[in-house]
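Work through the exercises below with the sequence and the coordinates at hand. Each task is followed by a solution in steps.

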Amino acid sequence: MLLTLSAFILALGLLVTFHELGHYWVARRAGVPIVRFSVGFGPVLLRRHDRHGTEWALSAIPLGGYVKMLDEAPPGADEATRRAVFNAQPLVRRVAVVAAGPAANLALAALIYAFLSLWGTQEPAAVLAAPPAGTPAALSGVRGGDTLTAVAGEPVASWTQARWRLAEPLSLGGDVVLTLRSPDGAVRTDTLRLAPQTVTPDGPDPLLATGLSLQAPYPVVGELVPGGAAEQAGLRAGDRILTVGGQEDPTVETFVETVQARAGRPLALVVLRQEDRLSVSVTPRPESGKDGREIGRIGALIQAERPQVLVRLGPLDSLWQGVRRTADMSLFTLRMMGRMVVGDVSWKNVTGPVTIAEYAGRTARIGLESYLGFLALISISIGVLNLLPIPMLDGGHLLFYLIEALRGGRPLPERARDLGHRLGLGIVLGLMILALFNDFARLFS
């Protein structure tokens with residue numbers, strides 16, 4: 001619980017503060033006076049003033065931050081101050097200041113993705129299991145052991161990349177061309193015919209309905225019990241089980257079941273140790289199971305492992321990959337929002353702080369790479385959400401500026417702007433209520 005809460009506060013605080021830094025940086029270069037930059041909300045705990053007169057504050061509630069600019073000149077201000085306030089700035093500068101916040105979030109996501117690509121990540125290889133009969137994958141010709149190397153002509157180096165490339169075709173439906181490499185090295189293309197699917201956060205994995213899934217993990221010998229049957233037979237930690245009792249490519253479950261059924265009888269194994277294939281005979285020792293039935297045990301922890309690939313790019317390719325992935329995710333988010341509006345995608349996908357906190361904790365437990373990927377995804381969400389043309393959001397201000405430009409530089413009447421802000425506030429509150437409702441519905445369902 002503490003890890004989940006800490007990961008959530010760090011994520012939200014960092015991303016919202018970075019958003020505000022975007023506004024601050026551009027406003028400062030436009031000459032707009034900055035009254036305060038606060039990390040967090042509520043009562044101020046620490047403060048200092050810089051040479052520009054800006055108050056830098058650390059506040060009590062660490063859930064984001066804000067930047068307060070001087071919008072209007074105070075009574076008696078000199079001419080320079082009246083020209084410098086935000087509302088007196090030329091339209092193009094006001095647009096730049098407002099757009100800088102969402103742009104900062106999108107830039108941060110691109111940098112995180114670029115860093116992950118440059119650093120390199122271990123990801124599951126896209127080696128596919130045999131698809132169930134009658135599924136789209138089976139009908140298209142996909143076979144067990146095939147490695148997916150490209151989706152719709154776009155190369156994929158791992159299962160993670162393949163899932164990302166398949167996300168949009170899965171939701172929209174249609175034909176998608178898969179490039180596959182069979183175990184003997186032959187390369188071919190199959191056409192996967194997909195029906196549109198309704199995507200919900202707690203629904204089944206849409207890939208499973210197509211028949212596409214990873215090949216089952218293979219058994220690997222882990223920690224050995226000193227003096228146990230496995231150690232005495234010559235097995236070592238790290239040995240991969242290739243055959244058990246003559247059965248090739250067993251799953252972990254198959255291996256365990258076979259061992260338990262051969263109590264007191266020799267069992268032939270073939271293992272892969274580094275690059276060598278070795279034949280081993282082990283005799284499981286009889287022990288009493290939970291139900292009192294005699295079962296065999298070899299005194300070894302059997303781990304489930306999958307082939308992994310290191311996905312790593314050079315500096316320029318990493319940067320391009322970061323920009324491209326951010327752009328793709330932003331467009332995908334916008335399409336999903338549009339499909340929610342027309343009813344093609346469930347509104348259950350609108351989630352709030354409870355779900356975000358849950359995923360923050362999950363990814364933090366998995367490791368730094370997963371947590372950074374989560375940060376990038378949430379940063380994109382914040383950037384895209386703030387660009388929506390809803391008054392009260394940055395996109396709403398940009399909409400007002402667009403109307404001002406179309407009116408030849410004349411701002412909207414104050415009454416129209418007030419009405420827009422009330423409408424925007426209603427929309428934002430409605431989305432917040434929906435997000436919280438979905439969060440608690442998931443908790444108690």
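The exercises concern a predicted model.

**Exercise 1. Helix H9**

Find the span of helix H9 from its first C-alpha to its last, and state which of its residues are buried and what covers them.

Solution.
1. Helix H9 runs over residues 315–342 and has 28 residues.
2. Its span is 41 Å, close to the 40 Å expected at 1.5 Å a residue.
3. The buried residues of H9 include Ser318, Gly322, Thr326, Met329, Thr333, Met336 and Met340.
4. In an α-helix there are 3.6 residues a turn, so residues three or four places apart point the same way.
5. The cover over the buried residues of H9 includes helix H3 (91–119), helix H5 (159–172) and helix H11 (368–387).
6. After H9 comes Gly343, with a positive phi near 90°.

**Exercise 2. Strand S3**

Which side chains of strand S3 are buried, and with which sense does S3 pair with strand S16?

Solution.
1. In a regular strand the side chains alternate between the two faces of the sheet.
2. In S3 (residues 121–124), Thr121 and Glu123 point to one face and are buried.
3. Gln122 and Pro124 point to the other face and are not buried.
4. S3 pairs with S16 (residues 308–311) in the antiparallel sense, over 4 bridges.
5. Within S16, Val311 is the bridge partner of Thr121.

**Exercise 3. Salt bridges**

Identify the salt-bridge partners of Arg188 and classify each by burial.

Solution.
1. The structure holds 14 salt bridges.
2. Arg188 and Asp146 form one of them, with the closest N and O atoms 2.5 Å apart.
3. Arg188 is in strand S7 (residues 187–194) and Asp146 in the loop between helix H4 (136–140) and strand S4 (147–151), so this pair ties together parts 42 residues apart in sequence.
4. Asp146 counts as buried because its relative accessibility is 1%, under the 20% cut-off.
5. Arg188 also meets Asp190 in a salt bridge, at 3.3 Å from N to O.
6. Asp190, at 9% relative accessibility, is likewise buried.

**Exercise 4. The nonpolar patch**

Which residues form the nonpolar surface patch, and is Leu45 buried or exposed?

Solution.
1. The patch consists of Val39, Leu45, Leu46 and Leu58, with about 360 Å² of accessible area together.
2. Strand S1 (residues 34–49) contributes the most, with 3 residues.
3. Leu45 is found in S1.
4. Leu45 counts as exposed because its relative accessibility is 55%, over the 50% cut-off.

Note on methods: Residues are numbered from 1 along each chain as its sequence is written. This is a predicted model: local features need pLDDT of at least 70, side-chain atom pairs count only at pLDDT 80 or more; totals for chains, interfaces and linings use all residues. Side-chain values use heavy atoms; hydrogens and water are left out. Patches are made of residues with over 30% relative accessible area and no salt bridge: like charges are joined within 9 Å, nonpolar side chains (Val, Leu, Ile, Met, Phe, Trp, Tyr) within 5 Å. Accessible areas come from the Shrake-Rupley method with a 1.4 Å probe; for residues, only the protein chains shown count as cover. A salt bridge is a side-chain nitrogen of Lys or Arg within 4 Å of a carboxyl oxygen of Asp or Glu. Helices (H or I, at least four residues) and strands (E, at least two) are DSSP runs, numbered from the N terminus. Buried means under 20% relative accessible area, exposed over 50%, partly exposed in between (1.4 Å probe, protein chains only). The expected span of a helix is 1.5 Å times one less than its number of residues. Contact means heavy atoms within 4.5 Å. Two strands pair if DSSP finds at least two bridges between them.
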